[in-house]
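What follows is a short walk through one protein model, beginning with a single helix and ending with the whole chain.

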Amino acid sequence: MAIKVKTGSESTILSVGAYRPSRLVPNSEIVDLIDSSDEWIVQRTGIESRRFASADESVVDMAIGAAEQALTRAKLTIKDIDTVVVATITYPHQAPSAATAVIQRMGNPTAAALDISAACAGFCYGVAMAHDMVRAGSATKVLVIGVEKISDFTDPTDRATAFIFADGAGAVVIGESTEPGIGPVEWGSDSENRDAILMNPSWIDVRNTETQLTKADVKWPNITQEGQKVFRWAVFSMSKAALKALDSAGLSVNEIDAFIPHQANVRIIETMAKEMKLPESVVIADDIRTNGNTSAASIPLAMDALLAKHPELHGKIALLIGYGAGLVYAGQVVKLPPKP
């Protein structure tokens, strides 16, 4: 007797939603603590400002804000969703997951729910998983959320990271389609260099507050990174991975309309575009200039901003590529959602 296997259909992105905290933080608020300048930050990263969530604004709050907008634009409710995937590295609870908090608060407490810890690549990991779920028939509509409150885990005196990271959330609804709307994922890692981006110390190190946190050499977990190592890896390895994702989808750089990479650094984005020989007709997302690096939230936030600025791109073809701590990466070609 054979095992019965469910089969689904093709998948596509039905909508995108975003949540940006109201507090806009210009470089002038950052520079004094790190002995830097606005000019230096803009020259090195392209970042002019970023957004920080308020003290009472949580990862789950922001995730729900983005999810509600995505659902509204798709003309759906949370009851229509069978699976919720949340990509984040800043949900401050080891368990239960942020995804279960989202479905409980939004009113669909029995949906499948899980978190992904793939840092800045987490959203593209989630898109790949949702695509496979829909095609396999194990889900019909999946809500993928990328959300971070990195301000909770950033040392404001660290010259390497204090000006880079920011807070926010982005979400997409992925559902069934008669035509392919999401291409095969190109993903992998360079774990030999996984220490290039870290969040230290471990939770074990901070377990005993009285004996550990009072020691001068033990701090709250904050993110750190080796900027030059990450820059070189991102520019040269990720441009190749992005081109592989294009090839897997049967497309060339001349057949896409937009490039939406992880918003890590404008210099990285521009150098990747040159390495890939993207034609001038391809619109490149640069949300990092005003909203900083939001890790797992950066690609959906950049997608939302790009469509707001270029509404003619609704329904067009875009290449996504996310990469971050691990060092992990994932990318795919997608059809951008239609106009709401």
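In this predicted model, a good place to start is helix H5, where Gly-122, Phe-123, Cys-124, Tyr-125, Gly-126, Val-127, Ala-128, Ala-130, His-131, Met-133 and Val-134 are buried. That makes 11 buried residues out of 15, and H5 is mostly covered. Buried here stands for a relative accessible area under 20%. The helix runs over residues 122–136. Its C-alpha atoms, from the first to the last, span 21 Å, close to the 21 Å expected at 1.5 Å a residue. Just after H5 comes Gly-137, with a positive phi near 90°.

H5 belongs to a chain whose secondary structure amounts to 10 helices and 14 strands. How are the contacts of this chain distributed along the sequence? Taking the contacts between residues at least 6 apart in sequence, 78% join residues at least 24 apart.

The overall dimensions come next. The radius of gyration of the protein chain is 19 Å, which agrees with a compact globule, because a globule of 340 residues would have a value near 20 Å. Along the principal axes, the C-alpha atoms fill a box of roughly 60 × 45 × 40 Å.

Burial can also be read for the whole chain: 54% of its 340 residues count as buried. The accessible surface comes to about 15200 Å², and carbon and sulfur atoms contribute 51% of that area. As for charge, the chain has 31 positive and 40 negative charges, and the mean positions of the two sets lie 3 Å apart.

How values were computed. Residues are numbered from 1 along each chain as its sequence is written. This is a predicted model: local features need pLDDT of at least 70, side-chain atom pairs count only at pLDDT 80 or more; totals for chains, interfaces and linings use all residues. Side-chain values use heavy atoms; hydrogens and water are left out. Helices (H or I, at least four residues) and strands (E, at least two) are DSSP runs, numbered from the N terminus. The radius of gyration is taken over C-alpha atoms; the globule rule is 2.2 Å times the number of residues to the power 0.38. Buried means under 20% relative accessible area, exposed over 50%, partly exposed in between (1.4 Å probe, protein chains only). Contact means heavy atoms within 4.5 Å. Accessible areas come from the Shrake-Rupley method with a 1.4 Å probe; for residues, only the protein chains shown count as cover. Lys and Arg count as positive and Asp and Glu as negative; His and the chain ends are not counted. The place of a charge is taken as NZ of Lys, CZ of Arg, CG of Asp or CD of Glu. The expected span of a helix is 1.5 Å times one less than its number of residues.
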